Number of protein chains: 2
Amino acid sequence: MAEMKDTKRDILDAAEQLFAVKGPHATSLRQIIGRAKVNLAAVHYHFGSKDSLLQAVMARRLVPLNAERLALLEEQERKCGRRVIPLRKVLVALVGPALRLSRNSKKGGAVFMQLLGRCFMEPDPKIQAMLDRQLQEVAGRFIPALQRALPKLPTEDFFWRIHFLVGAMAHTMADAERLRTFSGGRCDPDDTEVMIDQLVNFLTAGFKAKSR
Amino acid sequence: MAEMKDTKRDILDAAEQLFAVKGPHATSLRQIIGRAKVNLAAVHYHFGSKDSLLQAVMARRLVPLNAERLALLEEQERKCGRRVIPLRKVLVALVGPALRLSRNSKKGGAVFMQLLGRCFMEPDPKIQAMLDRQLQEVAGRFIPALQRALPKLPTEDFFWRIHFLVGAMAHTMADAERLRTFSGGRCDPDDTEVMIDQLVNFLTAGFKAKSR
DNA sequence: CATTGATTCAAACGTCCGTTTGAATCAGGC
DNA sequence: GCCTGATTCAAACGGACGTTTGAATCAATG
């Protein structure tokens, strides 16, 4: 990574910031190159197109993030041996790394989290396809783990609750800041560990609700 | 309402449809007037600007929707007299009318629901301000009711869970269709009553989780 | 029928967009 | 010093955008 040219990284940083705050669709290449202080053509020289730039922005952080998720899940599998991984542990492995990004990255972490949340909500089929591609492996490993942790839950209920999980997580990533003002300062979205606790707590209870 | 000119209503219908499917930002006035089969200038003649058009699209359905929510809440208050309204009843009054819009409106219902979910996720401050204005009264009445239904829940936890509720609800409104393919056809987002049940069920359990 | 105000229309406005081009600049190997 | 390939640059491309304009059309009134 250290050999990445300044121009390329400057573009990624500026694009990440602006995509996250204004949304990919509402951000122009000219705004990006203005912030990155590079030439307009540099974007197409290094990335090819605006779409590919977004893809690169996402992949830069999503690849290690998903690797961390899978590693945490495998660690739990090792710990539990033949036994089933408790629901809470699976959820922590899934949402923890994403929410924690806001702290442990020097910068850009909170910003990227917001972007990831936004991409979940973007109607643009190009963006959706990109996300699906990035999340395919994670979904393929976590869904069976979740299902094993909830053996008595009917499949239909299970998928509904996955859907609600995605909504709560995406909204929390995209707009945690809104909670500060909305709660009159009583909640602090910068305290990531509290955030993870609150979300996992809420989701665990939701998943364990008896079906009707 | 019956006296609304065809042109005005045609524009609202076309705009609602396109805003919902592609997102307000990615929809151009020229696409709207193409679908509505009216002249481009008619939009500015009747609505003034693209922003005002979106506002009008939202208000047309959001005003009666919010009125229904408040009416349902007041009905519960009457029924319960001095007692506290059960959590589940409050949640049904809040999310039921929104989710049910997809059925009981001749057309445009499901479409508008999707648009409402999208607007929740839109970064554009103009759209956010518009939503806040529309939802102020509803929030002011429902939050105290929720708080009364959860007297033992610490305020901080309470606001976190409201945040999760908004995320799950918005995602369900904006992208219920995704659940069909994702669940391999096992869930049917068109069955609104099941959808309401599933969501209320999940949220009720989440809200009642003991705090840590 | 003439007049008036409301509505529709085709055409254009200026601006910003993503992308392309071709020349200028820079680096390192011969 | 010169060549070569990689990078940067200013400038322009065609197209789409939201908005404005001014004339044409329509409906109703006196």
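So, how many residues does each of chain B and chain A bring to the contact? The answer is 50 from chain B and 50 from chain A. Before I go on, please keep in mind that this is a predicted model.

Let's stay with the two protein chains for a moment. Between them, chain B and chain A bury about 4500 Å², and carbon and sulfur atoms account for 69% of that. On the chain B side, three residues stand out: Trp160(B), Phe164(B) and Phe202(B) supply 18% of the area that chain B buries against chain A, more than any other three residues.

What about salt bridges between chain B and chain A, how many are there? The count is 0. Polar contacts are another story: 13 residue pairs turn up across the interface, with both partners at pLDDT 80 or more.

Now, which elements of chain B are we talking about? Those giving two or more residues to the side that touches chain A are α1 (6-22), α6 (109-121), α7 (125-149), α8 (155-182) and α9 (192-208). The top contributor is α8(B), with 19 residues. If you sort that side of chain B by class, you get 25 nonpolar, 13 polar and 12 charged residues.

Okay, how do the two copies relate? Take chain B, turn it by 180° with a shift of 0.0 Å along the axis, and it lies on chain A with an RMSD of 0.0 Å. The two copies are therefore related as by a two-fold rotation axis. And 100% of the interface residues of chain B are also interface residues in chain A, so the copies meet through the same surface.

On to the DNA, starting with strand D. There are 15 residues around DNA strand D, and the ones that come nearest are Thr7(A), Tyr45(A), His46(A), Arg30(B) and Leu40(B). Looking at the atoms of DNA strand D within 4 Å of the protein, 50% belong to sugar and phosphate.

Here are some individual contacts. Arg30(B) has a polar side-chain atom 2.6 Å from a base nitrogen of DNA strand D. Ser28(B) places a polar side-chain atom 3.0 Å from a phosphate oxygen of that strand, and for Lys50(B) an N or O atom in the side chain is 2.9 Å from a phosphate oxygen. As for elements, α3 (40-46) of chain A plus α2 (29-36) and α3 (40-46) of chain B each supply at least two residues of the surface near DNA strand D.

And strand C? Which residues are closest to DNA strand C? Out of 15 that surround it, they are Arg30(A), Leu40(A), Thr7(B), Tyr45(B) and His46(B). Sugar and phosphate make up 48% of the atoms of DNA strand C that come within 4 Å of the protein.

Again, a few contacts to look for. A backbone N or O atom of Leu29(A) sits 2.9 Å from a phosphate oxygen of DNA strand C. From chain B, Thr7(B) has a side-chain N or O atom 2.5 Å from a phosphate oxygen of the strand, while Asn39(B) has a side-chain N or O atom 3.3 Å from a base nitrogen. The elements giving two or more residues to this surface are α2 (29-36) and α3 of chain A, along with α3 of chain B. By class, the surface near DNA strand C has 5 nonpolar, 7 polar and 3 charged residues.

Definitions and conventions
Residues are numbered from 1 along each chain as its sequence is written. Chains are lettered from A and ligands numbered from 1 in the order in which they are written. This is a predicted model: local features need pLDDT of at least 70, side-chain atom pairs count only at pLDDT 80 or more; totals for chains, interfaces and linings use all residues. Side-chain values use heavy atoms; hydrogens and water are left out. Contact means heavy atoms within 4.5 Å. Buried area is the accessible area (1.4 Å probe) that two parts lose on being put together, summed over both. A salt bridge is a side-chain nitrogen of Lys or Arg within 4 Å of a carboxyl oxygen of Asp or Glu. A polar contact is a pair of N or O atoms within 3.5 Å; within protein, one must be able to donate a hydrogen and the other to accept it, and residues adjacent in sequence count only if both atoms are side-chain atoms. Helices (H or I, at least four residues) and strands (E, at least two) are DSSP runs, numbered from the N terminus. Ala, Val, Leu, Ile, Met, Phe, Trp, Tyr, Cys and Pro count as nonpolar, Asp, Glu, Lys and Arg as charged, and the others, Gly among them, as polar. A residue is near a molecule or strand if one of its heavy atoms lies within 4 Å of it. Copies are superposed by least squares on the C-alpha atoms of residues with pLDDT of at least 70 in both.
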